[in-house]
Protein chains: 2
Amino acid sequence: MALIVQKFGGSSVANAERVMNVARIVTETYAKGNDVVVVVSAQGDTTDDLIEKAKEINPSASKREMDMLLSAGEQISISLLAMAIEKLGFKACSLLGWQAGFSTNSVYGAARIKKVTAERIRLELSKKNIVVVAGFQGLNKYDDVTTLGRGGSDTSAVAIAAAMHADRCQIYTDVDGVYTADPRKVPGAVKLDEITYDEMLELATLGAQVLNNRSVEMAKKYNVVIEVLSSLTRVPGTLVKEAVKMEKMLVRGVTKDANVARISIIGVPNVPGIAYKIFGKLAAENINIDIILQSVGRDGKKDITFTTSRDNSEQAVKVLKGLELGENLSIECDDTNVAKVSVVGAGMETHPGVAAKMFEALFEADINIQMISTSEIKISVLIDAEHADDAVRAVHDAFIPDEK
Amino acid sequence: MALIVQKFGGSSVANAERVMNVARIVTETYAKGNDVVVVVSAQGDTTDDLIEKAKEINPSASKREMDMLLSAGEQISISLLAMAIEKLGFKACSLLGWQAGFSTNSVYGAARIKKVTAERIRLELSKKNIVVVAGFQGLNKYDDVTTLGRGGSDTSAVAIAAAMHADRCQIYTDVDGVYTADPRKVPGAVKLDEITYDEMLELATLGAQVLNNRSVEMAKKYNVVIEVLSSLTRVPGTLVKEAVKMEKMLVRGVTKDANVARISIIGVPNVPGIAYKIFGKLAAENINIDIILQSVGRDGKKDITFTTSRDNSEQAVKVLKGLELGENLSIECDDTNVAKVSVVGAGMETHPGVAAKMFEALFEADINIQMISTSEIKISVLIDAEHADDAVRAVHDAFIPDEK
């Protein structure tokens, strides 16, 4: 007998039919002799609808009250799922975040989990209940309801799995696993059996949108084995875990991130401290920077180019203009025409040919590289947005053997 | 400075505009220097919508899960009202039933309040917050959410007022007070300044639909002064309290209750214990009986007639048929054509002419009386439903002076 934590997102429980589908998955797992804890998000558009209601009354409502409002969404979905499980003839017990023992800090809207006691979960499991826990929410030291922010339900599931030493944490999504590239765009994309936490983190950051990053970080810290799978297809998914079996495949995946803006500061004085001044200020304004490129200084001037997300670009430019970096300096921002394409794979750091192979593939596809960034397990290039899908296909085909 | 508890029902907070209207009433009360605790129900049709969602998945869902589901309704309305209060520039803090300290027994769906600690409410009032509390809900000894049943928000408000020794508990409804009869039906209906708890209880039971009965019982027990008033008109309402000022008016009100079914058992054997057998079994099935009439026995047979609510009639007949009361016995049920008209007034027990005056008024309106029931402070008659409104007008005009 194993302890399995299963997590279902909002679209998996969007209506009565889908709730019944989830109940069938959950009860099948239970019927095989497992203890089952299920974590669910709010139904479909519930959260957005509630936000809309709030905006109509007070667009600048306090975050405490927003959390009180939004946490009602999971309360509805957990009770409906428990009812669906009862309908199939099994015992179920729904628990709110605070009942399940989720303690968080007091950053309303983006609270961090401090502790999960899970006492009540254990009690209900001992009574042979399937336990349905509200994701995304907890309680702070003032006994106020907090929410973990978007994607928080993944984190809730991993936190329970960590606290209870679950054998597996299954994250059900609308894809049946982690692919080497977006299968809708790249015909040759291959589903991975296994992937490491670090690779998954790079893929999540790079726009693969399969797993929430915080949840993978937490899984890595507490060594929780995650399985990413689909609630529709019922086939084994992709395991995310520490040690994965050796494979010939160097590259785990190729991703595209279109939410990229490139900002250039042309003609910065070539004096010490200028980069600190720029990026220190941007950090203070909570603007995340990705790739940075600095030209070699010439005639006492240099150019600095960096990328950030598109929603941050306007504010970044504003911050830069306020810095008074020097005379005759121009700031250029392209937040519509660039995209980032990356290859990720834990094996690549010991294989120097990876970068060359990627650049070759792009050259042969006639795609120009604007910027390059590398880490131990990934290589990213900035290119024209219009060529991004072609680039993903070209790079993918160069690295991933066509198994079809 | 006084402590005022204000309660607003679901229709008062049905949309953004109405929530803002409630926020204005609440903040005006606060701005006059009062401490204010507000109790709200779920918005408009929220509860019915949630019940519909549940039925779609599992029509016989456990009551525990139904309570988990339904209590989300008030969670939404309290946070929205708190946001509206913030919007008007005041400090607000919403609290769920358990946060406000509502302990109940474990009868899910119809829990009784055992205790209200109100500690958190006091803390938030001391921080100069307007406190918005979720009505209708509490927590049982297992730390599970319970609901108090329909109309429970009135009871929540009175319970807070009792626990905190509030100066007044204002129940906002869609009428501006308690009238001597339904003002839409009886042109001469007069709004009462004051009414006793007992009179209010009779009026509530009789279908005046102004206040939930349990709340009046609790107010009587803890001597909470209730004011019934409208959230739209902003005029003083009707006070419900123990000692009311002497008035010439004997009769406080005339009401109609159309939710009545008359069931007759014709030809019951005239032997001891037969009434016990019938009404004992009906009580065991939780079927409430109102008026009972038994004919004088003749030829070893007698007839028993009683009234119950229309929604209970079908089950009552089924129970009676299962009792095997004797041979050649017939059961008749009229659950469409009868109505009950009642006069209520604490003074009437010492004024023997009241019943006669009522019967005279009905006789002059040419309305036949089928059954009669009396208590210390009320007289009820069962008549044809089609004459009920005429009967209310006739009886009202006979007792209540026309002040217009």
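Start with the helix pair α3(A) and α3(B) in this predicted model. Two packed helices are described by the angle between their axes and the distance between the axes. Here α3 of chain A (residues 63-70) packs against α3(B) at an angle of about 160°. The two axes lie 8 Å apart. Angles over 145 degrees count as roughly antiparallel, so α3(A) and α3(B) are roughly antiparallel to each other. The crossing of α3(A) past α3(B) is left-handed.

Which residues make this contact? From α3(A) come A:E65, A:M68 and A:L69. From α3(B) come B:Q75, B:I76, B:I78, B:S79, B:L80, B:A82 and B:M83. By class, this helix-helix contact has 7 nonpolar, 2 polar and 1 charged residues.

Now widen the view to the whole contact between the chains. Chain B contributes 28 residues, and chain A contributes 28 residues. On the side of chain B that touches chain A, the elements giving two or more residues are α1 (16-31), α2 (46-57) and α3 (63-87). α3(B) gives the most, with 14 residues. This side of chain B has 16 nonpolar, 6 polar and 6 charged residues.

How are the two copies related? A turn of 178° with a shift of 0.0 Å along the axis lays chain B on chain A, with an RMSD of 0.4 Å. The copies are thus related as by a two-fold rotation axis. The same surface serves both: 100% of the contact residues of chain B recur in chain A. Which residue of chain B comes closest to the rotation axis? That is B:A72, with its C-alpha at 2.8 Å.

Notes:
Residues numbered from 1 in each chain as written. Chains lettered and ligands numbered in written order. Predicted model: local features only at pLDDT ≥ 70, side-chain atom pairs only at ≥ 80, totals over all residues. Least-squares fit on C-alpha atoms with pLDDT ≥ 70 in both. Contact = placed C-beta atoms within 7 Å. Helix = DSSP H or I, 4+ residues; strand = E, 2+ residues; numbered from the N terminus. Nonpolar A, V, L, I, M, F, W, Y, C, P; charged D, E, K, R; others polar. Axes fitted to C-alpha atoms, helices over the stretch in contact; angles between N-to-C directions. Parallel < 35°, antiparallel > 145°, perpendicular 65-115°, else oblique. Left-handed = near helix turned anticlockwise from the far one by under 90°.
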